[in-house]
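Hi,

Here is the structure I promised to pass on. Have a look at it first, and my notes come right after.

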There are 2 protein chains.
Amino acid sequence: MENFVMYNPTKVLFGKGIINKLGQTVKEYGNRVLLVYGKGSIKKNGIYDQVISQLNSIGAEVFEYSGIKSNPEVSDVNSAAMIGWEKRVDVILAVGGGSVIDSAKYISVTIPGTVGAWAYATGEATPVKNIPLITVLTVAATGTEMNMFAVIQSKNAEEKLGWGHPLLYPKVSFLDPQFTYSVPADYTAYGAVDIIAHSLEAFFGKGESSLSDRFITSIIKEVMHFTPLVLKNPDNYDYRAALLYASTCALNGMLSHGRRGGDWGVHSIGHELSLIYDIAHGASLSIAYPAWLRFHKEKAKERISYLGRELFNVEDPEETISRLENFFKSIGSPIRLKEAGINEDQHKKLYSLFVKNKVGGSNYTLKNSDYKTIIELMVNG
Amino acid sequence: MENFVMYNPTKVLFGKGIINKLGQTVKEYGNRVLLVYGKGSIKKNGIYDQVISQLNSIGAEVFEYSGIKSNPEVSDVNSAAMIGWEKRVDVILAVGGGSVIDSAKYISVTIPGTVGAWAYATGEATPVKNIPLITVLTVAATGTEMNMFAVIQSKNAEEKLGWGHPLLYPKVSFLDPQFTYSVPADYTAYGAVDIIAHSLEAFFGKGESSLSDRFITSIIKEVMHFTPLVLKNPDNYDYRAALLYASTCALNGMLSHGRRGGDWGVHSIGHELSLIYDIAHGASLSIAYPAWLRFHKEKAKERISYLGRELFNVEDPEETISRLENFFKSIGSPIRLKEAGINEDQHKKLYSLFVKNKVGGSNYTLKNSDYKTIIELMVNG
């Protein structure tokens, strides 16, 4: 077991009606609020009104930045940070899924900083201050509501980057399973894939950690059990709650205790797919994971067999991969590039992005010569 | 799923050699240190010297209180608090197992308070301030290193009480598996029982929480796998590390997410056994759990069968209880009153303590008329 630190300063309030505590929580941090959200679905499903009602109840001054894209762009972050800076906001309130919260994390350090947000993503700059961040989560997928990581892309730089810093922990996150009822079937499935992918990234990290392995397969089993139930009963509280709780546990740090972090190679592949085709993050992962597992089938034989035994009661790695792939398919997430609209004429571009952005993981590294095989496996399985 | 809060402010540093960070960590809180420990085993195994060397390296002024008993007494807490108050200590450093850390938690609120420690235990007083607490854990068992609970007894009042308050969270806890090498076989086994018992208390709490159930059985499986290995190889780092990490997870709050806390009926039974005979906490639990499970065999049938399927691949509740009991026996922990030295002439006294202290859990309540059956089950199984 590797040395590790157990620590997470984010407070998660989980459950039915916890939004009623939002006003008093925001008030602890101040009166001037930058409200960040996406393309307006929160106005259709009533979450926006509940949030505004809470902010009105404490007499907050609210400044809005909306339109965060599902693959969040650094240009939005910089524009929002400019508003936050001009208005001297005390607190940022992010209402949405991973893209909104990740953007808000960047905004929180960009407002009091001296550089644009991309400089943090690339490691050229390190933040020294932040504006406190509170989140209201609306999708079960990301885990960002309880960690210090954020992913952002720059179409300009043709790069999508993950970055972590302790200043990025939200202060408080509000998780009401009811707020995920209106997530459509496809994004519910992509979220489920994302939760499984986070668990697997931890599983394939460097080092041995027996209890972490058990927690990891616990979460994957939970997602495999509840996702089909949620798809059939999108307004069932307990089913949605199970997915939402699993999503937070999958990426709040606990699954990597005893290891040197996760591998994250599959996420780096997925990020390139999203760059090339604006494909949903979870959809990119259900394509990339089977290919990656098949590529490492020999090297990771023991690990894949462990998953097979725990998840499907099978021993054979190929059988395990097929079962996982079939699960992704059964919930409606794509498993081949073509299904996501990426055709043969884009494979060359994809390859060059892999090379340029040095796609690979911290434990299972990839060479340029491996990329063609990986792409081939994403085409034909 | 019940509403819940995910939050734990304690920072745990886990791993080989992390004691080297103790000095700088203590220094963040001040220079005047109240060092609390037990009956001196830390002087034999070299941990005391390592701690003192760290404190010397920052030029700390150290005031010691030693002699905390394995069933900690409120009189020790008050005596230690008096020293801490007289010496105006900045920080408390607890080096030991559950009894030492629980005592230090009481000391931390008693020093700046206006009442004796027992008033907190009984709920007559509520603390408003504390002295920061840092812990160095030396036994895998308790979970107190990462939670806001403490148990203490008063021989005088004939009562052993658990109590929780957010001021009781340690600031930082140091967990080096090497520091548990010298724990003898019997106390290693009692610790293992304690970890399983904490997991089961969470399991039998009110409400349904599927992922918590999976985490709970993950921990129990881990303990059942590694305890026999530790007993055979007491100096194996990875085995000791597995038990130590499991012990923290079993009582840092995570196992009760989605439920209204645990049941804690078995712990309340165990506390009475310790009062009457000064029996080790874990030993009291390996006697009490089989009896409690047999008593609730019908009412908790579904729950016990879930455990049976997960832990032993059996369905029958009685078979499940026997297997668990056999595990306790196999690692050398007592399963009947007689094995712990409690004989027939003390049963009446035990019964009257059960009645006086209203033994029972929050979910599975017990009536006075049930106590005789429970005692009978602790005698004969």
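Below is what turned up, starting with the contact between the chains.

Some housekeeping: this is a predicted model, where local features need pLDDT of at least 70 and side-chain atom pairs count only at pLDDT 80 or more, while totals for chains, interfaces and linings use all residues. Residues are numbered from 1 along each chain as its sequence is written, and chains are lettered from A and ligands numbered from 1 in the order in which they are written.

Chains A and B each put 30 residues into their contact (C-beta atoms, placed from the backbone, within 7 Å). On the chain A side, strand S1 (4-14), helix H8 (210-232) and helix H9 (237-250) each supply at least two residues; helices (H or I, at least four residues) and strands (E, at least two) are DSSP runs, numbered from the N terminus. S1(A) gives the largest share, 9 residues. S1(A) also runs antiparallel to strand S1 (residues 4-14) of chain B, with 7 bridges joining them (pairing needs at least two DSSP bridges). Within that pairing, Phe4(A) sits opposite Phe14(B).

Over in chain B, strands S6 (residues 149-154) and S7 (residues 159-164) pair antiparallel over 6 bridges, and Ser154(B) has Glu159(B) as its bridge partner. Their hairpin has 4 residues between the strands, and Glu158(B) there takes a positive phi near 50°.

Finally, chain A is assigned domain 1 (11-180) and domain 2 (185-380), with bounds from an automatic or database domain assignment. Their C-alpha centres are 26 Å apart, and 22 residues of domain 1 contact 27 of domain 2.

Cheers

Terms used: Two residues are in contact if their C-beta atoms, placed from the backbone, lie within 7 Å.
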